[in-house]
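I opened my notebook on this one to see how the two chains sit together. Here is what I looked up, in the order I went.

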Amino acid sequence: MPENQMDERRWWTVLRLRLRTMFKRRRVDEELDTELRFHLEQQTQENIALGMSAAAARESALRRLGGVTQIQEQCRDMRRTNYLDDFLLDLRYAARTLAKSPGFGVVMILTLGLSIGANSAIFSVIDGVLLKRLPYPDQKRIVRIFYSHKDFPSFPMNPFDFRDIRSRNHSFEAIAAFSHRDLQLSGQGQPVRLSGFQVTSGYFSVLGIRPERGREFEEKDEQKGNGSVVILSDRIWRSEFAAAPDIIGRKVTLDNQPFIVLGVMPPGTAHPGNEYQPVAYGDTVDVWWPFTFDGNPARRGSHYVEGIGRLKPGVTPEQGQGELNTLMAQLTREYPEAHTGWSIFAVPLHREIVGSSQRMLLVLLGAVALVLLIACANAANLMLARAASRQREIAVRSALGAPRSRLIRQMLTESMFIALLGGGLGVALAAVCVKVLVSLLPAGFPRADAIHLNPAVFAFTFLVAIGTGLLFGIAPALQTSRSDPQLNLREGGRGATGSVRHHRLRSVLVATEVSLACVLLVGAGLMLRSFVNLLREDPGFQPEHVLTASLSLPQADYKTDDAASHFYDQLLRNLSSAPGVSAAGAGSDVPWTGYDDNAGFDIEGRQPGEDFHGRYHAASPDYFRALGMPLVRGRFFTEADKKDATPALIINEAMARRYWPGVDALGRRITFQTSPKEKDWMTIVGIVGDVKDQADSSHTEPAFWWPVVQQPFASPTTSIAVRAKGDASELAGVVRDEVHKLDPTLAVADVRLMDNIADASVSTPRFAFFLIGLFAGLAIVLAAIGIYGVISYSVTQRAHELGLRVALGAQRWDVLRLVLSEGMRLAMGGVVVGVICALALARAMRSLIYEVGAADPLTFSLVALLVVGVALLACYLPARRAMLADPVVALRSE
Amino acid sequence: MSKPSDLIQGTLDLLILKTLSLEPKHGWAIAKRIEQVSHDALQITQGALYPALHRLEQQGWIRAAWRTTETGREAKFYELTRAGRTQLARELEQWERLSSAVAHVIDMA
């Protein structure tokens with residue numbers, strides 16, 4: 001027989017034997033008994049044959065064999081199942097001891113469960129957002145492509161450039177561009193606004209998804225005039241078209257224009273959202289239609305399409321980037337004006353989607369891990385306290401011959417048992433917490449739909465629980481098992497020497513807890529401070545009492561700009577005179593909704609080609625009043641700023657400061673034309689206050705507004721802002737009615753209170769603050785439990801000494817001071833170490849805090865005070881007990 | 001765990017395997033055989049034999065079966081497996097190498 005076959009057979013035999021030993025334990029034991037008995041009888045008979053008496057023969061046989069029980073035990077050892085036996089025994093013992101002191105058990109399991117649960121919940125968020133793969137095949141090859149400029153680190157592409165890069169590159173299997181553009185579906189009952197994307201051909205190839213029915217767009221679909229086609233999402237196909245099997249080729253009405261349905265995507269088709277404009281995450285896109293554009297290919301200043309590409313297999317992102325750089329250099333040579341100062345870069349899709357949340361999630365994970373460490377220290381502390389009272393039992397067992405390793409194993413089993421119970425509770429808590437967490441997540445948080453409890457989370461929880469059990473069990477187990485049985489037996493369990501060592505370890509543990517809690521509190525404090533700053537800072541407008549909505553006028557019905565202007569004029573006039581309305585305006589957008597359209601321009605009297613740019617918006621006369629943006633100088637737009645009147649412009653202070661520092665910007669003129677005629681010059685008629693670009697930054701980019709009726713490029717959607725005299729939410733119906741009075745086929749979308757928009761835009765810092773605050777709260781409670789535990793134990797231990805002191809004439813206040821000072825020493829030590837650690841760690845939080853130094857003295861001193869205060873409180877109860885104790889009782893109890 | 005005897009554990013294994021290479025035997029017979037052949041020079045603590053037997057069985061070198069002895073009693077007989085035979089050869093070789101080395105050193109000294 002060949003060797004390996006023999007080996008294999010041998011392993012089967014071994015396995016069979018092991019299983020037999022494990023599951024037919026009684027049978028195996030009986031056999032061993034019989035075997036040994038047989039041996040004894042044989043030996044006895046031999047001895048009798050040698051002439052011994054029956055009794056002597058048996059005795060001699062027994063002597064030659066040795067201790068039967070020991071042999072049995074050794075044989076069992078050889079069979080390698082003793083560990084399991086011991087384990088089951090230890091487990092039963094652990095359960096029994098736990099049941100005997102339910103208070104201890106409840107505190108342990110609750111604190112561990114809370115902290116393990118918090119870890120599992122945060123881990124499930126991290127797993128869903130950072131670790132889980134994106135729902136696209138071979139997702140590592142997908143990259144987002146951006147332009148970059150010193151003022152705009154990540155910016156959309158120019159469509160002409162995109163077309164050139166698409167035809168010239170060799171690194172990409174497919175490359176596509178897209179742009180968010182909603183469509184209004186009518187002819188199917190109530191008109192609805194569909195969330196839509198205009199995409200070039202190749203978009204779905206980049207993502208690696210094929211239409212479930214029908215086909216993808218081809219390059220010919222990109223040409224204007226080839227007829228409009230559309231691909232539907234599975235959801236819209238089901239909800240609006242009753243999953244009609246003959247949908248392909250059917251004519252549907254979108255924006256009051258006929259579209260032919262080209263395909264239906266499979267369910268769950270996710271659009272790869274991004275950070276630049278946090279659009280759709282998950283299954284939120286309703287329709288895709290071809291991206292079409294025309295114009296003069298020589299003018300490439302306008303950037304408005306998002307690039308995405310799939311690298312060819314074997315091409316690294318760096319190689320792709322290299323080719324993009326080369327192509328960009330070519331384009332810069334061909335069209336120097338449009339490309340000077342711009343570069344191009346590709347970023348892996350996954351990083352683009354989760355990028356900025358990563359930091360926050362890791363900080364949260366760090367915080368929650370700290371909580372778990374504190375809970376471990378706490379649990380170790382409680383274990384030590386209990387071990388102290390079990391010293392005698394352990395001494396007896398060790399005197400009876402239990403080896404130290406066996407004692408350690410038993411105690412570790414116990415701590416594991418507790419930790420696993422805590423882990424079980426933790427999973428239950430996490431199941432609830434994850435739901436709450438997801439509902440608390442800021443709107444548009446990347447990949448929120450991918451967050452679930454799943455096997456990975458369970459595995460994580462299990463490992464954490466095991467690790468926790470080891471961590472908090474090992475120190476007490478080593479410490480307790482080290483004690484000298486003789487000493488402990490003699491001391492009658494009071495254990496003066498052992499307990500000094502115990503006590504020192506416990507003090508260190510508590511000080512550690514205090515310092516970790518300090519770190520968390522400092523983190524929470526910094527976030528609270530920055531959050532307060534955020535709320536207190538003037539946003540630049542007054543979001544209260546403002547209702548916003550958005551409309552998009554179908555081009556088929558509003559063929560000319562005049563028709564559209566007429567509609568908005570009429571609507572705003574009607575709205576302004578509606579009851580409860582104090583001002584109604586229309587514009588390209590409202591603050592903090594992700595609008596970021598920029599344009600470069602020339603300033604009269606300055607060198608053309610110099611870098612002047614700003615974010616452009618459109619505004620009706622009452623737009624600024626409706627939003628509560630203050631006029632700093634000049635005037636708002638008026639009815640007189642008609643389409644043919646002198647082009648007027650309102651700019652913000654940031655733009656005035658940047659381009660006309662120290663001089664008055666009013667009356668200055670700018671233009672978008674390279675060789676402007678007189679009518680191409682726009683005159684600055686007003687300067688308004690700065691509105692922060694984003695709620696969580698204090699920065700404001702230069703921006704300007706032109707009158708809605710004069711806007712050179714009309715925006716596809718128009719935002720309406722209505723300021724209410726009272727409750728703005730009551731105006732929602734008014735706005736809908738007024739719109740439908742003018743045009744019953746229009747969908748009124750995005751009806752929101754400006755308050756809610758403002759609120760949603762601080763939801764990320766609020767979310768982070770809320771969680772860190774929660775963890776810090778948990779931490780300080782755990783630390784307080786720890787301090788209380790150690791001090792009350794110490795008071796019990798010192799009862800005799802304290803009684804003696806009182807009996808000898810010490811004042812009760814002296815006793816109080818004595819006990820309190822012991823607690824304070826712990827707390828102070830912890831605070832000092834904690835503050836030093838917090839100083840080192842706060843830097844990791846810098847991206848999460850706002851307008852607060854990472855070493856903010858106010859936060860640090862308040863935290864130190866708070867911790868010392870809580871420590872005092874935790875010491876006070878045992879101290880009071882010591883103070884009020886009757887010295888006679890204390891002395892007699894000896 | 002106490003040491004099985006003065007014999008090094010590995011040596012006891014070797015002796016057992018060697019003893020069983022002739023024919024299947026029960027525990028007592030193995031002990032007897034080792035004592036006899038070594039002219040009682042190797043007095044093994046009989047108790048140490050059983051853990052060793054169980055270990056060798058667990059390792060798959062020997063297998064056990066209940067059989068009737070000549071005197072009509074039920075006893076647990078051990079016999080070498082094929083793997084055990086190979087193992088015996090390996091251990092013998094090792095032993096020879098070791099003892100010749102030791103002998104060599106003693107001769108030289």
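I began with domains, whose bounds come from an automatic or database domain assignment. For chain A, I noted domain 1 (3–80), domain 2 (150–341) and domain 3 (558–744). I then looked up the C-alpha centres of domain 1 and domain 3 of chain A, and they lie 97 Å apart.

A note to self on the source: this is a predicted model, where local features need pLDDT of at least 70, side-chain atom pairs count only at pLDDT 80 or more, and totals for chains, interfaces and linings use all residues. Residues are numbered from 1 along each chain as its sequence is written, while chains are lettered from A and ligands numbered from 1 in the order in which they are written.

Next I turned to chain B. I found four helices and three strands there, taking helices (H or I, at least four residues) and strands (E, at least two) as DSSP runs numbered from the N terminus. Their order in chain B, from the N terminus, is α-β-α-α-β-β-α.

Then I went to the interface. Chain A puts 24 residues into the contact and chain B 21, with two residues in contact if their C-beta atoms, placed from the backbone, lie within 7 Å. On the chain A side, H2(A) gives the largest share, seven residues.

Which residues of H4(A) meet H3(B)? I listed Ile71(A), Gln74(A), Cys75(A) and Met78(A), which meet Gly47(B), Tyr50(B), Pro51(B), His54(B), Arg55(B) and Gln58(B). I sorted this contact into five nonpolar, four polar and one charged residue; Ala, Val, Leu, Ile, Met, Phe, Trp, Tyr, Cys and Pro count as nonpolar, Asp, Glu, Lys and Arg as charged, and the others, Gly among them, as polar.

I checked the geometry too: the axes of H4 (68–78) of chain A and H3 (46–59) of chain B come within 8 Å and cross at roughly 15 degrees. The axes are lines fitted to C-alpha atoms, for helices over the stretch in contact, with angles from 0 to 180 degrees between N-to-C directions. H4(A) and H3(B) are therefore roughly parallel (angles under 35 degrees).

Last, I looked at backbone oddities. Asp138(A) is not a glycine, yet has a positive phi of about 50 degrees. I located Asp138(A) in the loop between helix H6 (102–131) and strand E1 (142–148) of chain A. Is Asp138(A) buried or exposed? Asp138(A) is exposed, with 12 other C-beta atoms within 10 Å; the cut-offs are 20 or more for buried, 12 or fewer for exposed, and partly exposed in between, with C-beta atoms placed from the backbone.

Technical notes: Angles under 35 degrees count as roughly parallel, over 145 as roughly antiparallel, 65 to 115 as roughly perpendicular and the rest as oblique.
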